[in-house]
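This report describes a protein chain and its ligand. The domains are treated first, then the shell around the ligand, the nonpolar core and one helix.

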Amino acid sequence: MSTTSTVGEVIVVGGGAGGLTAALVLARARHRVTVIDDQTPRNATVGEFHGFPTRDATAPHRFRADALTELGSYGVTIVRSAVASALSTDRNVAMKMADGTVILGDAAVLATGVHDELPQIDGLARRWGTSVFNCPFCDGWEHRDRPVVVIDAAPGADHLAEMVRSWTPDVTVVAAADVVALCGEGSTLTHVTLRDGRVIEATGAFVKAPVVPRSSVARALECAVDDDGYIVTTETGATSNPLVWAAGDVRRPPPMPHQVVLAAADGSTAAIAIHKSFIAGALGFSKVHQGVAR
Ligand SMILES: Cc1cc2nc3c(=O)[nH]c(=O)nc-3n(C[C@H](O)[C@H](O)[C@H](O)COP(=O)(O)OP(=O)(O)OC[C@H]3O[C@@H](n4cnc5c(N)ncnc54)[C@H](O)[C@@H]3O)c2cc1C
């Protein structure tokens, strides 16, 4: 075995844009990287995402598959499982899987994303990401100058409607509690029916719903989170645990935007900060790394 091949051992939890980018940059900086991902990304049902140069209108599953192929070429280990619990000492982090397997690292990147708590409305969930969305910067263009409803299921719906009006003047705001069903052929939307019998024509819907950070691993590692559960970080993604960084939506409380390109940027930023910490001698105590066979 080469004696100089690995700078440090890093665990990345989360295989979305944030985690995959962190893993790529770390692997290329000669770290041994393990990505743990339970394959429930926020955009799992999204037909195509937008706003990422060269990947505009790409299916998210295609993006992840291509990234995993790239990571494979650098020898990154992929574990398709959920982290059930986690622990850290001042020297290493340990991730425990549901089957009891434990994975150890010198440092970790948490890119676990957020969860959208969608209102229980007939026909909504199966259109999430195809004709029902959360963000006009992501999907407003496809609905420009068309009839759109904004569904109010959380504070901020009026602001969302104001934003959507940049793309189309035909915006109707409805309370989630007043909506009976979203209707149309397959995953398309043609109209929304309300409890009072009204029918609103709409080819798209934007939902203001609660967004919940997936920060259970961060809490287990005693990383500080804010009142809403977002991981508190510095600009480079460092958390209050000196062995742990965060990237992507889970470290982006409102009004910070949630975008694939921003999650990717976070992953790269965290990876570079981690590498610099190894080089500065602030990480990697648990094993001897540079110049010594592992
Ligand atoms: C309907 C919709 C449409 C969107 N459209 C766009 C768009 O057009 N353009 C755009 O830029 N953005 C879009 N977004 C936003 C975009 O999806 C997110 O900003 C992006 O996915 C964030 O990436 P991430 O890596 O932070 O999190 P995610 O992509 O959510 O990845 C997090 C990963 O962590 C894993 N995970 C979480 N907890 C654990 C655990 N305990 N153990 C193991 N794995 C775990 C999950 O399985 C998941 O794969 C859209 C979002 C939605 C909801």
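In this predicted model, the protein chain is divided into two parts, domain 1 (9–115 + 211–279) and domain 2 (119–208). The centres of domain 1 and domain 2, taken over C-alpha atoms, are separated by 31 Å. Seven residues from domain 1 and seven residues from domain 2 take part in the contact. On the side of domain 1 that touches domain 2, two residues are nonpolar, five are polar and none is charged.

The ligand is surrounded by 41 residues, and the closest of them are G14, G16, G113, C138 and G248. Domain 1 and domain 2 each contribute at least three residues to the shell around the ligand. Among the helices, α1 (17–28), α3 (136–139) and α6 (260–279) each supply at least two residues of this shell. The composition of the shell by class is tabulated below.

| Class in the shell around the ligand | Number of residues |
|---|---|
| nonpolar | 17 residues |
| polar | 17 residues |
| charged | seven residues |

The largest nonpolar core has 80 residues, and A23, L110 and A205 have the most contacts inside it. Helix α1 gives the most to this core, namely eight residues. Because both domain 1 (9–115 + 211–279) and domain 2 (119–208) give residues to the core, it lies between them. Helix α1 thus appears in two settings: it supplies at least two residues of the shell around the ligand, and α1 also gives the most to the largest nonpolar core.

The surroundings of A205 can be given residue by residue. Leaving aside neighbours within four places in sequence, A205 is in contact with S131, V132, V148, V149, I151, L182, L189 and V192.

Which residues of helix α4 (residues 157–164) are buried? They are A157, L160 and V164. These residues lie on the same side of α4, because they cover an arc of only 55 degrees around the axis. The face of α4 turned away from its buried side carries D158, H159 and E162, which are exposed. The buried residues of α4 pack against α3, β10 (148–152), β11 (171–175) and β15 (204–208). Of these partners, α3 also supplies at least two residues of the shell around the ligand.

Key:
Residues numbered from 1 in each chain as written. Predicted model: local features only at pLDDT ≥ 70, side-chain atom pairs only at ≥ 80, totals over all residues. Near = placed C-beta within 6 Å. Helix = DSSP H or I, 4+ residues; strand = E, 2+ residues; numbered from the N terminus. Nonpolar A, V, L, I, M, F, W, Y, C, P; charged D, E, K, R; others polar. Domains from an automatic or database assignment. Contact = placed C-beta atoms within 7 Å. Core = buried A, V, L, I, M, F, W, Y, C linked by C-beta atoms within 7 Å. Buried ≥ 20, exposed ≤ 12 C-beta atoms within 10 Å, placed from the backbone. Arc of directions from axis to C-beta.
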